[in-house]
Amino acid sequence: MNFFNNAKKSMKGYLPVLQNEPDDDDDDPELGPSATNLEEPSLMGGCCDLTYKQRITGFFMSAGTGLLFLFLSSFFVAGLLIGSVAKFAMCYFFANIFLLLSTTFLVGIREQCKHMFEKKRFPLTIIYIGTLTLAMASVFSHQSI
């Protein structure tokens, strides 16, 4: 039982939390609460005020697209041996972006950035962003797409 309590505490912030909100007749379940209420949008409002169903759908669509690009990049691994980096790098770059975006659908942009830039993760985040940037720079500097 202690194992599950520790796991639940360590996963807090990574899983979407369903909050019980009062039933408003003017909330549209498909478009989210901000679509029907005419109030001032928040800083991260608009497209970021998603319902649970929309978040899960966005997660699976983004994860599926990311896995598709990852699968496509495996076809271009052999080209790395002869110096053709561009096709592999483009597919791998988009795979990483879509897979990162898929987790952002679950926890939200603010929480994702907060977790990525925590003190213990900051160096790894910089390395991750740096290698993706260098991969794209190598692709566009050779113009060999």
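Start with the whole chain in cartoon view: along the sequence it follows the pattern α-α-α-α-α-α. That comes to 6 helices and 0 strands. The model is predicted, so treat each stop as a description of that model.

Keep the whole chain selected for the overall figures. The chain has 145 residues, and buried residues make up 22% of them. Its accessible surface is about 10,900 Å², with 68% of that belonging to carbon and sulfur atoms. Among contacts between residues at least 6 apart in sequence, 60% join residues at least 24 apart.

**Stop 1: the core**

Select A86, A89, M90, F93, L132, M136 and V139 and show their side chains. These 7 residues form the largest nonpolar core. Now colour α4 (86–107) and α6 (122–142); each of these helices supplies at least two residues of the core. Which helix gives the most to this core? It is α4, with 4 residues.

Within this group, centre the view on L132. Setting aside residues up to four places away in sequence, L132 touches F93, N96 and I97. Of these, F93 is itself listed in the core.

**Stop 2: S102**

Stay on helix α4 and move to S102, which lies in this helix. Is S102 buried or exposed? Its relative accessibility is 2%, so S102 counts as buried, the cut-off for buried being under 20%.

Next, show what surrounds S102. Apart from neighbours within four places in sequence, S102 is in contact with F59, S62 and A63. Add helix α2 to the selection, which covers residues 52–74. For a distance to draw in the viewer, take the C-alpha atoms of S102 and T65: they are 9.3 Å apart in space, while the two residues are 37 apart in sequence. Then look at the side chain of S102, which reaches the backbone oxygen of L99 at 2.6 Å.

**Stop 3: the salt bridges**

Side chains of opposite charge can pair when their charged atoms come close. How many salt bridges does a search of the whole structure find? The search finds 2.

For one of them, select E111 and K114. Their side chains meet in a salt bridge, at 3.2 Å from N to O. Both residues belong to helix α5 (residues 109–116), and because they are 3 residues apart there, about one helical turn separates them. E111 is partly exposed, with a relative accessible area of 25%. K114 also counts as partly exposed, at 48% relative accessibility.

For the other, select R121 and E118, whose side chains meet in a salt bridge at 3.7 Å, N to O. R121 is partly exposed, with a relative accessible area of 28%. E118 counts as partly exposed too, at 27% relative accessibility.

**Stop 4: a nonpolar patch**

Finish on the surface. Switch to a surface view and select L68, F71, L72 and F75, which form a nonpolar patch there. Together these residues have about 410 Å² of accessible area. To place the patch on the cartoon, find F71, which lies in helix α2.

Conventions: Residues numbered from 1 in each chain as written. Predicted model: local features only at pLDDT ≥ 70, side-chain atom pairs only at ≥ 80, totals over all residues. Heavy atoms only, no water. Core = buried A, V, L, I, M, F, W, Y, C linked by side-chain atoms within 4.5 Å. Buried < 20%, exposed > 50% of the residue type's maximum accessible area, 1.4 Å probe, protein only. Contact = heavy atoms within 4.5 Å. Salt bridge = Lys/Arg side-chain N within 4 Å of Asp/Glu carboxyl O. Polar contact = N/O pair within 3.5 Å; in protein donor to acceptor, adjacent residues only side chain to side chain. Patch = residues over 30% accessible without salt bridge, like charges linked within 9 Å, V, L, I, M, F, W, Y side chains within 5 Å. Areas by Shrake-Rupley, 256 points an atom, 1.4 Å probe, with all protein chains shown as cover.
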